[in-house]
Amino acid sequence: MEASEIDKELEELETRIEQLRGHYEQYFMGLEKVEPQPQRKEVDRRIKVLRKVQLRNKAQRFKFNTLVQRINTMSQFWGRVVREIEN
């Protein structure tokens, strides 16, 4: 995968994470009845693909690690809120 393709994938991943955050906010407000699992699986799939690519550019590696940390933090928060909703 070339550097420009990796940049494009990272931008797409960032966009998908923000869209997923919006879907979860709608779910928590009651606007959506179902948890956005398909969108979450798509984000996880894109992360898995990018993990297999060797990121030689330090800026790309930093951006990827930042995005992974962001989705991990949000996932923990979403899990906590979903458990509270179920209880």
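In the predicted model, the axes of helices α1 and α3 approach within 11 Å of each other and cross at roughly 15°. Because this angle lies under the 35 degrees that bounds the roughly parallel class, α1 and α3 are assigned as roughly parallel to each other. The crossing in which α1 passes α3 is left-handed, and the residues of this contact, sorted by class, comprise 18 nonpolar, 1 polar and 7 charged.

These two helices belong to a protein whose secondary structure comes to 3 helices and 0 strands, arranged along the sequence in the pattern α-α-α. Taken along the principal axes, the C-alpha atoms occupy a box of roughly 45 × 20 × 15 Å. Of the 87 residues in the protein, 30% are buried. When contacts between residues at least 6 apart in sequence are considered, 66% of them are found to join residues at least 24 apart.

The lengths of α1 and α3 were compared with the span expected at 1.5 Å a residue. For α1, which has 27 residues, the expected span is 39 Å, and the end C-alpha atoms are 39 Å apart, so the two values agree. For α3, with 29 residues, the expected span is 42 Å, and the separation of the end C-alpha atoms, 42 Å, is likewise in agreement. Helix α1 is followed by Gly-30, a residue whose phi is positive, near 90°.

The second pairing considered is that of α1 (residues 3-29) with α2 (residues 37-52), whose axes come within 10 Å and cross at roughly 155°. As angles over 145 degrees count as roughly antiparallel, α1 and α2 are therefore described as roughly antiparallel to each other. Here, too, the crossing is left-handed, with α1 passing α2. On the α1 side, the contact is formed by Glu-9, Leu-10, Glu-12, Leu-13, Arg-16, Ile-17, Leu-20, His-23 and Tyr-24, and these residues meet Gln-37, Gln-39, Arg-40, Glu-42, Val-43, Arg-46, Ile-47 and Leu-50 of α2. Divided by class, the contact of α1 with α2 contains 8 nonpolar, 3 polar and 6 charged residues.

The remaining pairing joins α2 and α3, the axes of which come within 12 Å and cross at roughly 150°. This angle makes α2 roughly antiparallel to α3. The passage of α2 across α3 is a left-handed crossing, and the contact is made by Arg-40, Val-43, Ile-47, Leu-50 and Arg-51 of α2 together with Phe-64, Val-68, Ile-71, Ser-75 and Trp-78 of α3. By class, the contact of α2 with α3 consists of 7 nonpolar residues, 1 polar residue and 2 charged residues.

Burial was then examined within the individual helices. In α1, the buried positions are Ile-6, Leu-10, Leu-13, Ile-17, Leu-20, Tyr-24 and Tyr-27, and the elements that cover them include α2 and α3 (58-86). In α3, burial extends to Gln-60, Phe-64, Leu-67, Val-68, Ile-71, Met-74, Ser-75, Trp-78, Val-81 and Val-82, and these buried residues pack against α1 and α2.

Two residues of α1 illustrate the surroundings of this helix in greater detail. Leu-20, located in helix α1, has a relative accessibility of 1% and therefore counts as buried, the cut-off for burial being under 20%. Apart from its neighbours within four places in sequence, Leu-20 is in contact with Pro-36, Gln-39, Arg-40, Val-43, Ile-71 and Trp-78; of these partners, Gln-39, Arg-40 and Val-43 appear among the α2 residues that meet α1, whereas Ile-71 and Trp-78 appear among the buried residues of α3. The C-alpha atoms of Leu-20 and Glu-42, which are 22 residues apart along the chain, are separated by 9.6 Å.

Glu-12 is likewise found in helix α1, but at 29% relative accessibility Glu-12 counts as partly exposed. Glu-12 is listed among the α1 residues that meet α2. From C-alpha to C-alpha, the distance in space between Glu-12 and Val-43 is 9.6 Å, although the two are 31 residues apart in sequence.

Conventions: Residues are numbered from 1 along each chain as its sequence is written. This is a predicted model: local features need pLDDT of at least 70, side-chain atom pairs count only at pLDDT 80 or more; totals for chains, interfaces and linings use all residues. Side-chain values use heavy atoms; hydrogens and water are left out. Axes are lines fitted to C-alpha atoms, for helices over the stretch in contact, and angles run from 0 to 180 degrees between N-to-C directions. Helices (H or I, at least four residues) and strands (E, at least two) are DSSP runs, numbered from the N terminus. Angles under 35 degrees count as roughly parallel, over 145 as roughly antiparallel, 65 to 115 as roughly perpendicular and the rest as oblique. A crossing is left-handed if the near helix is turned anticlockwise from the far one by less than a right angle, and right-handed if clockwise. Contact means heavy atoms within 4.5 Å. Ala, Val, Leu, Ile, Met, Phe, Trp, Tyr, Cys and Pro count as nonpolar, Asp, Glu, Lys and Arg as charged, and the others, Gly among them, as polar. The expected span of a helix is 1.5 Å times one less than its number of residues. Buried means under 20% relative accessible area, exposed over 50%, partly exposed in between (1.4 Å probe, protein chains only).
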